[in-house]
Amino acid sequence: MAVNLMHDNFFMENYTVDEYALCARFKSKRRKKRVVKEDFEKQLIQLRKLEVELWKKRRNLPLVPLEIPYQKGWQRNFKLRDDVTRSSEAPFYRELLEKINTWQFSPEKSFKRKKKRKRKHVYVEKIQTVKEFSEWEWRSSKLELTEKEKAHFYKRERWCSNCKRYKIHYVFNEPWRYVLRVSPYMITHTKMVDSDLESEIQLIDNYIVNCNLREKTNRLIHGSSRKWSYYEKENPKEISPIKNKSLHTLYQQYADEMIENHGK
């Protein structure tokens, strides 16, 4: 018994506060802070999962037909020209139009937009063409065009002001076969509203926004990207020797080292 007491007194006299707390299986202040932080981050991740699940439920709500449909502006798309409709090739170009048709929406039937020209605002008509394909889309296996339909497109280079370089597009070579058609844009259905679901979503959003946690949550879910420097590539950071080790293992290693050093 006396030997054990002397042994314990020896370690207590030579331990620091944090080391003794580690050996006595008590959490140090630093460890407590880390546990609280990790627990809070886990709660944020679970909160984000709940938020995404609620978003999916709202998106999957069915559409409800309106008793009285109403018009909300105008829509414009392409249709076959009358003479093409009467030709023998009408089925081919009608099927192709289903794949390359485009739509535009405007509050005005004229489909004009405001543009500043010579310090004055003028209204110019919006340009609308059938769909063009980028080089990536053209080579993609998901492209729905047949070989016969591809033969009606030509390769064209166009300057991209955003990328500051020329980009390749594949353009339909017979746009005259289609003409624009303007029609009222009617709202006939509306999304079902679940008040309880909206309340839960708003409650979570208010908490995240008021506590300024959106950026932190995104960083936990998606991580942060940064480029490694040349030095970091050649000399990667050393892995912590105590990473993924239990307190019992760390205590045993420390006790063995202390006994070995005391024996020397």
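## Exercises on a predicted model

The protein has 11 helices and 8 strands; helices (H or I, at least four residues) and strands (E, at least two) are DSSP runs, numbered from the N terminus. This is a predicted model: local features need pLDDT of at least 70, side-chain atom pairs count only at pLDDT 80 or more, and totals for chains, interfaces and linings use all residues. Residues are numbered from 1 along each chain as its sequence is written, and side-chain values use heavy atoms, without hydrogens and water.

**Exercise 1.** Place Arg-177 and decide: buried or exposed?

*Solution.*
- Step 1: locate the residue. Arg-177 sits in the loop between β7 (165-172) and β8 (178-191).
- Step 2: apply the cut-off. Buried means under 20% relative accessible area, exposed over 50%, partly exposed in between (1.4 Å probe, protein chains only). Arg-177 is at 11% relative accessibility, so it counts as buried.

**Exercise 2.** Find which residues Arg-177 touches, leaving out those up to four places away in sequence.

*Solution.*
- Step 1: set the criterion. Contact means heavy atoms within 4.5 Å.
- Step 2: list the partners. They are Lys-79, Leu-80, Arg-81, Val-84, Glu-89 and Tyr-93.

**Exercise 3.** Describe how α3 packs on α8.

*Solution.*
- Step 1: take the geometry. Helix α3 (residues 29-59) and helix α8 (residues 195-210) pack at about 145°, with axes 10 Å apart. Axes are lines fitted to C-alpha atoms, for helices over the stretch in contact; angles run from 0 to 180 degrees between N-to-C directions.
- Step 2: name some residues. Those meeting include Phe-40, Leu-47 and Trp-55 in α3, and Ile-201, Ile-204 and Tyr-207 in α8.
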